[in-house]
Amino acid sequence: MGIIVGIDLGTTNSNIARLDDTGRPLMIENPNSSESPNITPSVVVFDGENILVGDSAKEYLHIDKHGPGFEKWKLEMQHPLPITAGGVSKTPIELSSLVLKELISAAEKKTGQQVESAVITIPAKFEEEARRNTIAAGEAIGLKIKDIINEPTAALLYYSLSHKILGKVIVFDFGGGTLDITAAEVNGQDIRVICSNGDNVGGQDFDDIVESLIVTAFETESKEKFDEDVHTLGASPEMYKKRLSTKSEVQAQVTGGKAGRTVVTITRESFEKATAMLMAKAAMMIENTMTEANLSIKDVSDVYLVGGSTRMPMVVALLTEYFKKAPVALVNPDEAVALGAALYAGLKAAPALLNPAQRAAVQQVQLQEVANHYYGTLSVSQLSGGQQALRVSNVIAKNTPIPHTAEETYYTMSEGQTAVLARVTQSATDEDDPDFVRIIWEGELGPFPAGRPAGQPILVRYSYDANQVMHCTFTDVGTGISKEVNLSFADSKAAKGGISVE
Amino acid sequence: MELVALIIIGFVIYLALQPNDSSSGAIPSVRERPESALRTDGEESFFARLEPAIGDDGKPIPGLLLVSVRGSIQAPDPTPAFLRVMIFDAEIGREALVFTQNADQQANDAPAFLCTRPIPYLVGNRIIIGSWARVGIPVIIDSLMGPIGGKRELRLDVQLIQADGHIFWRTEVPFTAELDFGYRDVDDRRTANQALSIQLAVAVASASDGIQDAEIDAITTWIKKNVEGLEGEERTKRKKALIASLRSAQQRSEAGTLQISKLITKLKNEGTRSGRMMAVELCFTVMAADGIASADELETVNKIAKRLEVDPQLLSAARDKSLSGLSGGAVNARDRYAILGIDASADPATIRTQLSALYKKWSSRATTLTDPAKRKEAEDMLRLIAEVRAEH
């Protein structure tokens, strides 16, 4: 029998977990990862004929910074244009495929079994294209992806398995490239997500700041301009950042140039001062999540930490100050997401793939997600004086528990109008300005009979089902002419194949 | 395939419908409430009337009229499929407004046909509308506008039409409406408003360090954009008039006779609501034209907007659109608050709340926007917001 896996495809690091024979999620080690066996760095290098993925690629890139290597492309999944490094061009989807391939082959080697079914995690902030591109990366290597799941939700699934959680909780998932904050109501393994917010701020931003602090200190100390081709840092900025989490100051070494070797001191205080802007973003996101979830501090029973960046003392300090209690770090925060995803993969896998123990384990889990965005359509709003303006009107609001169905009626504008331009929009806030939303689908409804007067009702119905598919139907009430599109957020091809016209 | 003229879904929920001019904010005075029998023929009767629309608060909604019908007539076979109501204006020389109601849609109880209750459209072989039932969409007063204001002679024309287009019933009800102004008046007002906006923008731009070429270019571009919708002679005429306003404003500014406070008073007294907003928007555009918006300039425009009583939401939208491009450069401490539209002297808790709301808005935009340049602007705004927040 094959294995069922959950994959955390991270900005800086990825990992994979499986559902074991008793139905509990378990990390799978990557034999090629020497530093931390459960972690496969999301780094790919094209060294001539050889493709290096993970640890070896990371080492390669540390030595040859401008070599043909790629890292931190996850944020580009939204706009998957080729990225060029060292003369090689690859799309974020291709790069993600290679990391997935490494994880799967390591898992199959380690367990001696085939991967039968998988779930990949994504940041809550990911929009429709990024979700679909993530799935496409898996499908490209023949992976059977059953679903995708938001990272903080996956982590919460895992935490709820090992701990008795009751009440309203906050999951603070601070990873390499993204920060996701989720509010949820939990009763044992019954999880109801209240709302999720995310932004592109993560460990890499802190690394960049550590690097610039070292460079500035070096330039002051040596009176020499830092030149990437001449000077080298003794360790990666990430390494210095990690040390600053446990020590109040670190000695950073710069080799090369006139001095040959210069040692500069970076204090945690200066690091925290320089990153105050990043922490301000986190603080604002916490406030916005609490407002959106309609929660006050006393409503929150616990705050759970997920992701490597939560190891920084200032993150714990920020959360403790805001929530007036220390956040909870239950297991290795880097692993909770993959472990939860493995559990969710069991829930989503065909029952025939599960043994009775696994089936019994996943049946305990109840999960209700919410819509991660506003979904609407564009319509013309009539102002006085005959002025008209194109406006967004939202049909499904963000944070609506799914499955959910909503209907709105609109009207044709002109006499003799023979078609209607139907559009599905997506946005993270309740925008009404069409310039600030994304049109995720567009089609024409018609042709209607000629000569009809204006004001013909058009029924717009959005139905978001539990399988992350939104069925959008536009119907001309008078003639019954209708157009349906199924926008799937868990299948890379559904949107193209799912259009049916009656 | 037939050319699709207007292929956009129309809204009938007129929530956005607000009078855009102070003058049309007045309640239209329909002096004579027409209630005329379309036909009274033994047991048959049919009536139509026009009345001001009443809002939820029980008060008339400015700028809106409703058409209602009531009656009972023997239906022929086939039954009429449509009820059509037209308002005809001889002075304009065409029907000012047409709307049609379909019997089937009514039977389906289509929610937004603006009937307060389902019309018992067909009872047996009679069409019965027992009590006043609203038909069609509300009549927007502005759409009845003629060339000039004053008393307007209009005709309400109500028809019952069979599916094949044959008119089964038809009658006309004359009525009078008193309108404060016509479209010519509106045009004149608009031109006056535009001229005042130009003068104000010149005054603001010159206030700090004299008007720059880029700022003049921005005004010229704005003038061109504003006359785009016009045709032929009208366009040339309007353009000339506005350019002349610009030149005279420049001269007066140099001579020191262009006073912001006087212009504000004039705009407040004579300008329409949309006109005042237009002036503020132009000020923002002109201010951003040279790529630098100084705190002084921004504060001046914010103050002007306040005195002109511009809707704060519209103001922040205008500021976003014209200034987001500026946040990328180095911005000094005072300017940052001005760009964000935050009062730096407010208490820290208020500032924090405002910053969080701004962060949410721009964070969504940074993800949603597909144009890389626009996205960069949104990200710069986010950085700016976070920097200001880090100080609180």
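The following exercises, with worked solutions, concern a predicted model.

Residues are numbered from 1 along each chain as its sequence is written, and chains are lettered from A and ligands numbered from 1 in the order in which they are written. In this predicted model, local features need pLDDT of at least 70 and side-chain atom pairs count only at pLDDT 80 or more, whereas totals for chains, interfaces and linings use all residues.

**Exercise 1. Overview of chain A**

State how many helices and strands chain A contains, and what share of its residues is buried.

Solution. Step 1: helices (H or I, at least four residues) and strands (E, at least two) are DSSP runs, numbered from the N terminus. Chain A has 12 helices and 28 strands. Step 2: a residue is buried if 20 or more other C-beta atoms lie within 10 Å of its own, exposed if 12 or fewer, and partly exposed in between, with C-beta atoms placed from the backbone. Of the 502 residues in chain A, 52% are buried.

**Exercise 2. Strand S1 of chain A**

Determine which strands pair with S1(A), and in which direction each runs.

Solution. Step 1: two strands pair if DSSP finds at least two bridges between them. S1(A), residues 3-9, is joined to S10(A), residues 115-122, by 6 bridges, and the two run parallel. S1(A) and S2(A), residues 13-19, share 5 bridges and run antiparallel; a hairpin of 3 residues links S1(A) to S2(A). Step 2: Asp8(A) has Thr121(A) as its bridge partner in S10(A) and stands opposite Asn15(A) in S2(A). Step 3: in a regular strand the side chains alternate between the two faces of the sheet. On one side of S1(A) are Ile3(A), Val5(A), Ile7(A) and Leu9(A), on the other Ile4(A), Gly6(A) and Asp8(A), and all are buried.

**Exercise 3. Leu343(A) and the packing of its helix**

Explain why Leu343(A) counts as buried, and describe how H10(A) packs against H4(A).

Solution. Step 1: Leu343(A) lies in H10(A), residues 336-348. Leu343(A) is buried because 30 other C-beta atoms are within 10 Å. Step 2: two residues are in contact if their C-beta atoms, placed from the backbone, lie within 7 Å. Leaving aside neighbours within four places in sequence, Leu343(A) has contacts that include Gly6(A), Leu157(A) and Val365(A). The C-alpha atoms of Leu343(A) and Leu157(A) are 7.5 Å apart, although 186 residues separate the two along the chain. Step 3: axes are lines fitted to C-alpha atoms, for helices over the stretch in contact, and angles run from 0 to 180 degrees between N-to-C directions. H4(A), residues 151-162, and H10(A) pack at about 80° with axes 7 Å apart. The two helices are therefore roughly perpendicular, angles of 65 to 115 degrees being classed in this way, under 35 as roughly parallel, over 145 as roughly antiparallel and the rest as oblique. Residues making the contact include Leu157(A) of H4(A) and Leu343(A) of H10(A).

**Exercise 4. A three-stranded sheet**

Give the strand order of the open sheet containing S5(A), and identify the helices lying across S5, S6 and S7 of chain A.

Solution. Step 1: the order is S6-S5-S7, with antiparallel pairing. S6(A), residues 50-53, and S7(A), residues 69-71, are the edge strands, each pairing on one side only. The twist averages 15° from one strand to the next. Step 2: S5(A), residues 43-47, is joined to S7(A) by 3 bridges, with Glu71(A) as the bridge partner of Val43(A). Step 3: H1(A), residues 55-63, lies across these strands at about 70° to S5(A), and H2(A), residues 92-111, lies across them at about 75° to S6(A).
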